[in-house]
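Biologist: I should like to learn how to read a structural model step by step. Might we take the chain as a whole and then turn to its details?

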Amino acid sequence: MISLARFARNKEAKAPKDLVRCDRQLLEKLKTLDAGALTEKTKHYLTKEEVKAVMARRDNIVGQFQKMIAEKGENEVLY
């Protein structure tokens, strides 16, 4: 079991191999996620380092889906 503190600072997706398909709207929202807005919305809950970690995980997830789209095609990855 992973602790919340460890999760909050982890910069890698927990199980990237499980990322096989994604909702189109979710991927677009992930792409537009802004560190400033995230910081503002979570200022009572996350530290700056934790926000950086969330953004790094987001970057990894978006990057993986973009790579998969390039390899397999959008219709195979997005729904």
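**Reading a helical chain**

Modeller: Read along the sequence, this chain follows the pattern α-α-α-α-α. Please bear in mind that the model is predicted.

Biologist: How many helices and how many strands does the secondary structure of the chain contain?

Modeller: The chain comes to five helices and zero strands. Along its principal axes, the C-alpha trace spans about 40 × 30 × 15 Å. Of the 79 residues, 24% count as buried.

Biologist: Among contacts between residues at least 6 apart in sequence, what percentage join residues at least 24 apart?

Modeller: In this chain the figure is 76%.

Biologist: How does one read the span of a helix, and what is the case for H4?

Modeller: One compares the distance from the first C-alpha to the last with the distance expected at 1.5 Å a residue. H4, which covers residues 48-72, has 25 residues and reaches 36 Å, close to the 36 Å expected. Just after H4, Gly73 takes a positive phi of about 100 degrees.

Biologist: At what angle do H2 and H4 pack, and how far apart are their axes?

Modeller: Helix H2 (residues 24-32) packs with helix H4 at an angle of about 130 degrees, and the axes are 10 Å apart. Angles over 145 degrees count as roughly antiparallel and those from 65 to 115 as roughly perpendicular. H2 and H4 are therefore oblique to each other. Their crossing is left-handed.

Biologist: Which residues make the contact between H2 and H4?

Modeller: H2 contributes Leu27, Leu30 and Lys31, while H4 contributes Arg58, Ile61, Val62, Phe65, Gln66 and Ile69. By character, the residues of this contact divide into six nonpolar, one polar and two charged.

Biologist: Which residues of H4 are buried?

Modeller: The cut-off for a buried residue is a relative accessible area under 20%. In H4 the buried residues are Glu50, Val51, Ala53, Met55, Arg57, Arg58, Val62, Phe65, Met68 and Ile69.

Biologist: Arg57 and Arg58 appear in that list. Why do Arg57 and Arg58 count as buried?

Modeller: Arg57, in helix H4, counts as buried because its relative accessibility is 10%. Arg58, also found in helix H4, is buried because its relative accessible area is 13%. Leaving aside neighbours within four places in sequence, Arg58 is in contact with Leu30, Lys31 and Leu33. As for Arg57, its C-alpha atom is separated by 14 Å from that of Lys29, 28 residues apart along the chain.

Biologist: Where does Val77 lie, and which residues does Val77 touch?

Modeller: Val77 lies in helix H5 (residues 74-77). Its relative accessibility is 0%, so Val77 counts as buried. Not counting residues up to four places away in sequence, Val77 touches Val20, Arg21, Cys22, Phe65, Met68, Ile69 and Lys72. Of these, Phe65 and Ile69 belong to the contact of H4 with H2. Val77 and Leu30 are 47 residues apart in sequence and 15 Å apart in space, C-alpha to C-alpha.

Biologist: Is Asp34 buried or partly exposed?

Modeller: Asp34 counts as partly exposed because its relative accessibility is 42%. Asp34 lies in the loop between H2 and helix H3 (35-41). From C-alpha to C-alpha, Asp34 and Asp18 are 24 Å apart in space, with their positions 16 residues apart in sequence given as the separation.

Technical notes: Residues numbered from 1 in each chain as written. Predicted model: local features only at pLDDT ≥ 70, side-chain atom pairs only at ≥ 80, totals over all residues. Heavy atoms only, no water. Axes fitted to C-alpha atoms, helices over the stretch in contact; angles between N-to-C directions. Helix = DSSP H or I, 4+ residues; strand = E, 2+ residues; numbered from the N terminus. Parallel < 35°, antiparallel > 145°, perpendicular 65-115°, else oblique. Left-handed = near helix turned anticlockwise from the far one by under 90°. Contact = heavy atoms within 4.5 Å. Nonpolar A, V, L, I, M, F, W, Y, C, P; charged D, E, K, R; others polar. Expected span 1.5 Å × (residues − 1). Buried < 20%, exposed > 50% of the residue type's maximum accessible area, 1.4 Å probe, protein only.
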